[in-house]
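User: I would like to go through this model one element at a time. Please set out the terms as they come up.

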Amino acid sequence: MPETRIPVLIAGGGTVGLAAALFLAHHGVASLVVERQPGPSVHPRATGLGPRTVEFLRQAGLDEAVDAVAIDMSAGNLGKISAGTLAEADLPAVAAAGSAHPQLGPRLTGRVSPGVLRGTCPQNRLDAVLLPAARERGATVRYATRLVSFEQDDDGITALLDTGDAPGGRETVRADYLVAADGVRSGVRDALGIATSGPGELGSPMVNILFRADLTAYTHGHSFVTCDITHPDAPGLLVTVDGEKEWIFHAAYDPGAGRGADDFTPARCRALIRAAIGAPDLEVEVVSTLPWRPRGLLADRFRAGRVFLAGDAAHTNPPLGAFGLNTGIADAHNLAWKLAAVLRGDAGPALLDSYPAERRPVAALALEQSLRRLADPRLHWDQSPRTAAARAAAGVVNAPVVHLGYRYDSDAVIDPQPDLPSHEDVARTLDGAPGSRLPHLWVERHGRRISTLDLVESRFTLLTGADGDRWIRAAREAGERLGVAVAAHRIGPGAEVADPEGDWPRLAGLDAAGALLVRPDQFVAWRAGAPSDDPAGELERVLARLLARESPAEHGGRRRSSGR
């Protein structure tokens, strides 16, 4: 039986699995993705990418490619609307009255994040960008390949694959680590005996109907993210896919009344869609149907030895809030740089303990917030000032804070400050505190307008103020001593990175001689005041602690191959 050796094996080739492969490849680590389905899913599934996800794509150089396949909602987007039928919605009147709930993302543009798309991006379109990008950078993705079983020892994972390409249809893979991105019914999670908590199934089972129909006569040049259809003959949710001829309709059914997913024949789907649109003679092509059910689950553990759970294998959210897919992609981004650091020999294996320590609380918050929104979805969509008090009373954290404002509390942060300054204003939570995402500020470098986040080129980066020259020299010296890539930038008047408005020290919580040490994932790892008598030694000790190194002397120069 042939044996393949690979640094990281990824079970599951959905969006989170592909994202994990992409981010690992971005850090120079080869991976093998195995997916039991015969090819990428054609079904759009989720459509909303949050600003933090777009920041990940920006760091990997894919934000423009994803924006190009996103739906252009830059003009006339009404966000979430509700009507008896789409014909009754009268979108021009809704737009004129300003009564819809627009998307949350665009209002963050230029203020707290550079990561905003021109509209929604259906999951199949995102996958169509992630898949070739991961492959081009060195990842191997195999469809029609199933992870049969696996065993782990002190040195790695031995996995058995079922594939028609190998003699006898079986192949053995030896990997350093296994990432389980194999969905809500994760076979890897079950094999590890990891239990889940949470309410489980929520509400009625649903059928996701992907269809094509020309609805321009009803949209009148306006776009929307979702339309809640209340017609008694076809209650459900109409979702934009391409904004012109491709759409999704979510319809519920009641098993207690003898209904099932098999009842959604093409003829019945067409009848439901025509009733929902309010157009009895509408030409409708039913492309595919996908049964699903809202769930709320959280794995008790996100790590078992050399195996890590990510995405729906670790947490499953009801769709309200767009927290599910975005949280899963954030799992992959958090884990990738840590695996890469350990595989290169930059970090000790204990760094990987910070993955569950950081990601499980974030996933728990996202699940809790999804559930709290179910009782009153208006608390999610309505950003008017009057709704802030209602959110606070219901324990609902404003959506931008959930997407961008969460903080990490682990050994991979020095003196973390996990308590959020605000549950309503995301700008207040992005204040340079250790454990928070680096504050975004538009700055100028070499005549180009960039974000401070762009300065963190997937490596540890020290950012200081106008009087931070000693920190700049210390960062370079400490990095050389440890054999770790550390970038350093001074931000201020006359510096390589210009801050025209002089906002950097205030946003970062620094004085002119202070500094932030930022991790490769753009989270603040350490905040320092004026340099000590030995800033290079201090920074060396901080980096060694963050990277779980036994000591700088014991780990210096020791490297491992990443498989590239």
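Analyst: Two strands pair if DSSP finds at least two bridges between them. Helices (H or I, at least four residues) and strands (E, at least two) are DSSP runs, numbered from the N terminus. This is a predicted model, in which local features need pLDDT of at least 70 and side-chain atom pairs count only at pLDDT 80 or more, while totals for chains, interfaces and linings use all residues. Residues are numbered from 1 along each chain as its sequence is written, and side-chain values use heavy atoms, with hydrogens and water left out.

User: How many bridges join strand β9 to strand β12?

Analyst: Both strands belong to an open sheet of 6 strands with mixed pairing, in the order β3-β10-β11-β12-β9-β13. Its edge strands, each paired on one side only, are β3 (80-83) and β13 (285-292). V207 sits opposite A251 of β12. Strands β9 (206-212) and β12 (246-252) run antiparallel, and the number of bridges is 7.

User: Which residue of β16 stands opposite L178?

Analyst: Buried means under 20% relative accessible area, exposed over 50%, and partly exposed in between (1.4 Å probe, protein chains only). In strand β7 (170-180), 10 of the 11 residues are buried, so the strand is largely enclosed by the rest of the structure. β7 and β16 (307-309) pair in the parallel sense over 3 bridges. Opposite L178 in β16 stands V307.

User: What is the bridge partner of L160 in β7?

Analyst: β7 has parallel pairing with strand β1 (3-11) over 8 bridges, where R5 stands opposite R174. With strand β6 (157-163) the pairing is antiparallel, over 6 bridges. In β7, L160 is partnered by T172.

User: Which residues of strand β18 form its uncovered face?

Analyst: In a regular strand the side chains alternate between the two faces of the sheet. In β18 (442-445), V443 and R445 make up the covered face, and the uncovered face is made up of W442 and E444.

User: Which residue in the hairpin of β18 and β19 takes a positive phi?

Analyst: β18 and strand β19 (448-451) run antiparallel and are joined by 4 bridges, with S451 as the partner of W442. β18 is also antiparallel to strand β22 (497-498), through 2 bridges, and there E444 stands opposite A498. The hairpin of β18 and β19 has 2 residues between the strands, and the positive phi, near 50°, is that of H446.

User: Within what arc do the buried residues of helix α16 fall?

Analyst: The expected span of a helix is 1.5 Å times one less than its number of residues. For the 14 residues of α16 (469-482) that is 20 Å, which agrees with the 20 Å between its end C-alpha atoms. W471, I472, A474, A475, A478, G479 and L482 are buried in α16. They line one face of the helix, because the arc, taken from the directions from the helix axis to the C-beta atoms, is 165°.

User: Which residues on the other side of α16 are exposed?

Analyst: The helix carries exposed residues opposite its buried face. Just after α16, G483 has a positive phi of about 70°. On that other side, the exposed residues are R473 and E480.

User: How many residues does α10 give to the largest nonpolar core?

Analyst: A nonpolar core is a set of buried Ala, Val, Leu, Ile, Met, Phe, Trp, Tyr and Cys residues joined through side-chain atoms within 4.5 Å. In α10 (324-344), 20 of the 21 residues are buried, so the helix is largely enclosed by the rest of the structure. Of the 107 residues in the largest core, L9, I10, L147, L178, L339 and L517 touch the most other members. α10 gives the most to this core, and its number of residues there is 12.

User: How many residues are in the second, separate core?

Analyst: In soluble globular proteins, nonpolar side chains tend to be buried together. The second core includes L78, V207, F211 and L272, and its number of residues is 30.

User: Is A508 buried or exposed?

Analyst: A508 lies in helix α17 (504-508). Leaving aside neighbours within four places in sequence, it is in contact (heavy atoms within 4.5 Å) with D431, G432, P439, L516 and R527. At a relative accessible area of 0%, A508 is buried.

User: What is the relative accessible area of A375?

Analyst: A375 is in the loop between α11 (354-374) and α12 (378-381). Its C-alpha atom is separated by 9.6 Å from that of A394, 19 residues away along the chain. A375 is exposed, with a relative accessible area of 75%.
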